[in-house]
Amino acid sequence: CRKTLWEYLGQPEPPMPELHYTTQKPADIVLTERADLFENLSLFRNIPSTLPLSMEEMDQAYGYCLYRTYVKGCGCTFPLVINEPRDRVDVFVDDKYVGTVMRDRENPTILINLPKGKTTKIELLTENCGRINFGKWISEKKGLPNGVYFGQRYLFRWENIPLPFKTLSNLDRVFFC
C-alpha cells in the first residue's frame, strides 16, 4: 500500500521508520462482589404483552432486555426459531442456558422438549450490540421485533423486562472474601 501511494505521488518510497514502543502491564483487577441477574429481576419493570416488544417500545435504546413466556407441553420436541434476532440472544429453558442465537451468523438449531402436561419457562436475554446509522437499517428495532416460533407455532403472551443498568446500587449482591 505504501509503495503504491509513493508511486502515485511520483516519489521514491522512503524507508520505514523504526517503531519504538513499550508495553504496559495492566493493573490487577480484584472482584469483590457479584450480582446474579435472574435473582434481581424483581427490581426491574415487567411489561406484559401479546407479542414481544422491541427495545424501543420499552423506552430503552441500548443494553439488554429479557423476554419470558411459558409454553404448555405437548410431549414433543421442536426447534425454537427466533425470527431475525437483534442482535444477540441467549436462550434459557427452565433456568438452564441452552444456546445463543446471533444476527448475521449461522444460528444453531435449538431444540426444546416440552414434556406433556408440564409448563416450560422460556427466557430470551437479548443484547443490543450497537446501532446502524445508514441505509435500510437506520431505523431498525432492537430485541425480538419479529417474533418467536416453537416449531410452526407462533408464541404469544410475553413478559418484557428492560434491563437498563443505569445504576447497580440497588442490586442484591454477594460479596467475595
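Buried residues are those under 20% relative accessible area, exposed residues are over 50%, and partly exposed residues fall in between. The structure described here is a predicted model.

**Overall form**

The chain contains 1 helix and 12 strands. In sequence order the helix comes before the strands, giving the pattern α-β-β-β-β-β-β-β-β-β-β-β-β. The radius of gyration is 23 Å, whereas the globule rule gives 16 Å for 177 residues, so the chain is more spread out than a compact globule. Along the principal axes, the C-alpha atoms occupy a box of roughly 80 × 45 × 30 Å.

Of the 177 residues, 34% count as buried. The chain exposes about 12,300 Å², and carbon and sulfur atoms account for 55% of that area. Among contacts between residues at least 6 apart in sequence, 77% join residues at least 24 apart.

**An open sheet around β4**

Four strands make up an open sheet with antiparallel pairing, in the order β7-β4-β9-β10. At its edges stand β7 and β10 (153-154); each has a single partner strand, so one side of each is left without a neighbour in the sheet.

Strand β4 covers residues 76-82 and pairs with β7, residues 110-114, over 5 bridges in the antiparallel sense. The pairing of β4 with β9 (residues 148-150) is also antiparallel and has 3 bridges. Residue L80 takes part in both pairings: I110 stands opposite L80 in β7, and F150 is the bridge partner of L80 in β9.

**Nonpolar cores**

In soluble globular proteins, nonpolar side chains tend to be buried together. The largest nonpolar core in this model has 23 residues, and L80 is among those with the most contacts inside it, along with Y67, I82, V91, I112, L124 and V148. The elements contributing two or more residues to this core are β3, β4, β5, β7, β8 and β9.

Beyond its neighbours within four places in sequence, L80 is in contact with V91, I110, I112, I122, L124, V148, Y149 and L155. A second core, separate from the one containing L80, has 8 residues, including L41, F92, L125 and L163.

**Salt bridges**

Side chains of opposite charge can pair when their charged atoms come close. The structure has 14 salt bridges. Three of them are listed below with their N to O distances.

| Salt bridge | N to O distance |
|---|---|
| E56 and R131 | 2.7 Å |
| R86 and E140 | 3.4 Å |
| R103 and E140 | 2.7 Å |

The E56 and R131 salt bridge links distant parts of the chain, 75 residues apart: E56 lies in the loop between β2 (47-49) and β3 (63-72), and R131 in the loop between β8 (119-128) and β9. E56 has a relative accessible area of 28% and is therefore partly exposed. R131 has 42% relative accessibility, so R131 also counts as partly exposed, a class that lies between under 20% and over 50%.

The other two pairs share E140, which forms salt bridges with R86 and with R103. In the pair with R86, the partners lie in the loop between β4 and β5 (88-93) and in the loop between β8 and β9, so this salt bridge ties together parts that are 54 residues apart in sequence. R86 and E140 are both buried. The pair of R103 and E140 joins the loop between β6 (96-102) and β7 to the loop between β8 and β9, so the parts tied together here are 37 residues apart in sequence.

R103 has 18% relative accessibility and therefore counts as buried, given the limit of under 20%. E140, with a relative accessible area of 11%, is buried because that value is also under 20%. These residues belong to a network of salt bridges that links E84, R86, D87, R103, E140 and K142.

Methods: Residues numbered from 1 in each chain as written. Predicted model: local features only at pLDDT ≥ 70, side-chain atom pairs only at ≥ 80, totals over all residues. Heavy atoms only, no water. Pairing = 2+ DSSP bridges. Salt bridge = Lys/Arg side-chain N within 4 Å of Asp/Glu carboxyl O. Buried < 20%, exposed > 50% of the residue type's maximum accessible area, 1.4 Å probe, protein only. Core = buried A, V, L, I, M, F, W, Y, C linked by side-chain atoms within 4.5 Å. Contact = heavy atoms within 4.5 Å. Rg over C-alpha atoms; globule rule 2.2 N^0.38 Å. Areas by Shrake-Rupley, 256 points an atom, 1.4 Å probe, with all protein chains shown as cover.
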